[in-house]
Amino acid sequence: MTTLTTSHDQALLTAPHWGDPVATLRGVTKIYYKPDGSVLVEALGGVDLDIPQGQYLAIMGASGSGKSTLMNLLGCLDRPTAGTYALQGQPVAELDDESLSHMRGRKIGFIFQAFNLISQLTIEENVETPLLYQGISRTARRKRAIEALELVGLGDRLGHRPSQLSGGQQQRAAIARALAAEPVILMADEPTGNLDSATGEAILKLFDDLHAKGMTIIMVTHDDSVAQRCERVLWMRDGLIESDVIHRHKTPGGSG
Ligand code: ADP
Ligand code: MG
């Protein structure tokens, strides 16, 4: 690991395994084809990318530049047309659908602009349910769900239904659901897009805290002030990374 000298980097140094590669893309392309087999669009044109453990990364770029396509690949929702993707050293590109979805369930936590909570379930059940598919026991599921909800400040709302919570609380519940799976990467697509600015700020503060604890976070955002809180900002353009800026001495917690 590189020697870091400023006090700003202390939290990064203490984070677990900080700097080990978590995601490695080489020559990744994604082509969407027309029904007749001809090329409709080359959504990614050969992306090389290394994401170290513990990094807080923003992906920006105009509409149609390939942000969602890149997120979908990183999040194991889709496979590249060509090139390689290793997630914690495990090759993803060749996995069949079942293995891909298993990998996704074990390693990726998703947070969307729409909270996607199930309205008939309590908050605790919403957080617990995805863990069913990981073969985790009932007791352990419940324990993890409660811990995750306490972490996001909803420990006193376990029995509430989504409709009984504010937008900010619902997004916290969605974050708890993502965290309960103990993911390797937390992926957020415009996580504050449906929130007013004060509530959005509280959610971003939560991301800062998670980053300070060593979580790897990848976030798509259109908001420059949101991206500036991240350690690294990728700009996509026409399916390629146009710029890749690392704020070297960014403090987890945002005060630097
Ligand atoms: P962004 O998220 O930056 O707006 P996308 O990754 O969604 O960009 O899209 C990149 C390009 O790929 C665009 O030209 C888009 O129209 C195209 N595209 C995305 N998804 C599909 C799809 N499922 N089928 C065909 N073309 C797609
Ligand atoms: Mg998109």
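In the protein chain, 69% of the contacts between residues at least 6 apart in sequence join residues at least 24 apart; two residues are in contact if their C-beta atoms, placed from the backbone, lie within 7 Å. This is a predicted model, in which local features need pLDDT of at least 70, side-chain atom pairs count only at pLDDT 80 or more, and totals for chains, interfaces and linings use all residues. Residues are numbered from 1 along each chain as its sequence is written, while chains are lettered from A and ligands numbered from 1 in the order in which they are written.

The protein chain has 256 residues, and 37% of them count as buried, meaning that 20 or more other C-beta atoms lie within 10 Å of the residue's own. Its secondary structure consists of eight helices and ten strands. These are DSSP runs numbered from the N terminus, with at least four residues (H or I) for a helix and at least two (E) for a strand.

Strands of a sheet pair through backbone hydrogen bonds, either parallel or antiparallel. Here two strands are said to pair if DSSP finds at least two bridges between them.

One open sheet has four strands in the order S2-S1-S4-S5, with antiparallel pairing. Strands S2 (39-52) and S5 (90-91) are at its edges and have a single partner strand each, so one side of each has no neighbour in the sheet. S2 is joined to strand S1 (residues 21-33) by ten bridges, and the two run antiparallel. Within this pair, Pro-21 has Pro-52 in S2 as its bridge partner.

The other open sheet to follow has six strands in the order S6-S7-S8-S3-S9-S10, and its pairing is mixed. Its edges are S6 (108-111) and S10, each with a single partner strand, so one side of each is left without a neighbour in the sheet. From one strand to the next, the twist averages 20°.

At one edge, S6 pairs with S7 (residues 185-189) in the parallel sense over four bridges, and Phe-110 has Met-187 in S7 as its bridge partner. At the other edge, S9 (residues 232-237) and S10 (residues 240-246) are antiparallel and share six bridges. Leu-234 is opposite Asp-244 in S10. Two residues lie between the strands of this hairpin, where Asp-238 takes a positive phi near 50°.

Helices lie across this sheet too. Helix H6 (residues 167-180) crosses S6 and S7, at about 170° to S6; such angles run from 0 to 180 degrees between N-to-C directions, with axes fitted as lines to C-alpha atoms, for helices over the stretch in contact. Helix H2 (residues 67-74) lies across S3 (56-61), S7, S8 (216-220) and S9, and runs at about 145° to S3.

Key:
A residue is buried if 20 or more other C-beta atoms lie within 10 Å of its own, exposed if 12 or fewer, and partly exposed in between; C-beta atoms are placed from the backbone.
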